[in-house]
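Visitor: I would like a close look at one part of this protein, with its surroundings described step by step. Please take me through it slowly and say what each point rests on.

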Amino acid sequence: MIDQDSYCGTFTKNAPLGQKSWFKCGGTADLLFAPEDIDDLAVFLKEYPSEEPLLVLGGMANCIIRDGGIRGCVISLGKPFAEIEVQGTRIMAGAGALNGSVAAAAAKAGIGGLEFLSGIPGTVGGALRMNAGAYGTEVKDVLVAAMAIGRHGSIGALGLEEMNLRYRYCGAPKDITFVGAVFEGKAEETLTVRARLKEIKSTRQSTQPISEKTGGSTFANPSAKELESAGLPEGTKAWQIVEKVGGRDLQIGGARMSDKHLNFMINTGDATAADLENLGDELIKRAYDQFSLNLHWEIRRIGDC
Ligand SMILES: Cc1cc2nc3c(=O)[nH]c(=O)nc-3n(C[C@H](O)[C@H](O)[C@H](O)COP(=O)(O)OP(=O)(O)OC[C@H]3O[C@@H](n4cnc5c(N)ncnc54)[C@H](O)[C@@H]3O)c2cc1C
């Protein structure tokens, strides 16, 4: 086992991660490590036994922490990894920085093109792993490079090719921890960029259940090929499939789909992580039974049932 006293960062046993996730339910992590800086994290990764489970989480805006909790250690990049620096039209952001803070810093510096991040809860690390996107722009459109630490402590940069970003997918090795990113925008008037931020905020408020306990889009939108083989019209969105299979009226325990946006699952108050997952699985089953269509979870389900 690792010697916790030899690191500058903090360790928490039985950390109640589920309650801190956006869904506000689910279990605890056996151990949570919040490194003090990159070196602390690199040494930890080098020394952490490779056979032990290890996971990094950001703002937990895109995951269900299962009720049985998470075995092994979870790395959480907090404040020391939240710095944001501007150089010309480039933004250097730590992986622990909130997407919203990156968008705000870009606007303040007169950099346009990163506004979409303001509508995406969570951190830069999560946005890299998910190739997060909104309103027609995704991380892949603005990313220059990502900085990461490998499972054994080696630090390096990954360009766009190595990141292999596609719709809600990142092809970089699964066991790396992103520690930062360089984004490129374009010079624009701060007032113009701020006007777009305002627009995004009001669109989000009217179309997404952002004050609910939710996790963003539950399912990825089906590809054109999947829709064609299911005999569904081109451009059909996941929320429309949820509607077609009776998702509006379905409730499992405390979990249901939001009336405001049918692809957003919500914890109505006392949902367990199992309720949420069972609801998603039931919708997947119905979509398959009715249309032979495989709906794919966008939300990550993490830990033991
Ligand atoms: C109200 C609401 C609206 C949303 N709207 C959108 C939207 O418009 N577009 C969109 O794309 N998403 C949206 N989401 C989903 C979510 O905000 C994004 O997926 C976001 O990028 C998740 O970031 P996070 O830090 O919370 O990641 P987490 O949920 O903590 O983790 C997600 C994944 O990223 C990995 N990860 C996290 N940090 C790191 C790191 N440093 N290094 C390596 N891997 C890491 C985790 O292991 C996990 O696999 C929404 C969510 C909510 C709650």
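**From one arginine to the core and the ligand shell**

Guide: In this predicted model, Arg286 touches Val245 and Gly246, leaving aside residues up to four places away in sequence. Arg286 lies in helix H10, and it counts as partly exposed because 19 other C-beta atoms lie within 10 Å, whereas a buried residue would need 20 or more. Lys244 is 42 residues from Arg286 in sequence, yet the two are 9.4 Å apart in space, C-alpha to C-alpha.

The helix that carries Arg286 also leads to the interior. The largest nonpolar core has 87 residues, and those with the most contacts inside it are Val102, Ala106, Leu114, Ala146, Phe178 and Ala181. Helix H10, which spans residues 273-291, gives the most to this core, with 6 residues. Of the residues with the most contacts in the core, Ala181 can be followed further: it touches Ala93, Ala95, Val124, Leu128, Leu143, Ala146 and Met147, again not counting residues up to four places away in sequence.

Val102 and Ala106 bring us to helix H3, residues 99-108, whose buried residues are Asn99, Val102, Ala103, Ala106 and Ala107. Seen down the axis of H3, these buried residues fall within an arc of 135 degrees, so they line one face of the helix. As background, an α-helix has 3.6 residues a turn, so residues three or four places apart point the same way. The buried residues of H3 pack against strands E6 (84-87), E7 (90-94) and E8 (111-112), and against the helices H4 and H7 (190-207). Just after H3, Gly110 takes a positive phi of about 75 degrees.

Helix H4, one of the packing partners of H3, takes us on to the ligand. The shell around the ligand has 33 residues, and the closest are Gly58, Gly122, Gly125, Gly126 and Gly216. H4 supplies the largest share of that shell, 5 residues. Strand E3 (54-57), helix H4 (124-130), strand E9 (133-134), strand E15 (177-184) and strand E17 (213-217) each supply at least two residues of it. By residue type, the shell divides into 17 nonpolar, 14 polar and 2 charged residues.

Loops that follow two of these strands deserve a separate word. Met60 is found in the loop between E3 and strand E4 (63-65), and its phi is near 55 degrees, a positive value in a residue other than glycine. Met60 counts as buried because it has 25 C-beta neighbours inside 10 Å. Tyr135, in the loop between E9 and strand E10 (137-138), likewise has a positive phi, near 50 degrees, and is not a glycine. Tyr135, however, counts as partly exposed, with 15 C-beta neighbours inside 10 Å. For context, most residues other than glycine have a negative phi.

Another loop, between strand E14 (169-170) and E15, holds Asp175. With 14 C-beta neighbours inside 10 Å, Asp175 counts as partly exposed, and its C-alpha is 5.9 Å from that of Arg151, although the two residues are 24 apart in sequence.

Finally, the domain assignment of the protein chain gives domain 1 (4-79), domain 2 (82-205) and domain 3 (209-302), and the C-alpha centres of domain 2 and domain 3 lie 26 Å apart.

Terms used
Residues are numbered from 1 along each chain as its sequence is written. This is a predicted model: local features need pLDDT of at least 70, side-chain atom pairs count only at pLDDT 80 or more; totals for chains, interfaces and linings use all residues. A nonpolar core is a set of buried Ala, Val, Leu, Ile, Met, Phe, Trp, Tyr and Cys residues joined through C-beta atoms within 7 Å. A residue is buried if 20 or more other C-beta atoms lie within 10 Å of its own, exposed if 12 or fewer, and partly exposed in between; C-beta atoms are placed from the backbone. Helices (H or I, at least four residues) and strands (E, at least two) are DSSP runs, numbered from the N terminus. Two residues are in contact if their C-beta atoms, placed from the backbone, lie within 7 Å. A residue is near a molecule or strand if its C-beta atom, placed from the backbone, lies within 6 Å of it. Ala, Val, Leu, Ile, Met, Phe, Trp, Tyr, Cys and Pro count as nonpolar, Asp, Glu, Lys and Arg as charged, and the others, Gly among them, as polar. The arc is that of the directions from the helix axis to the C-beta atoms. Domain bounds come from an automatic or database domain assignment.
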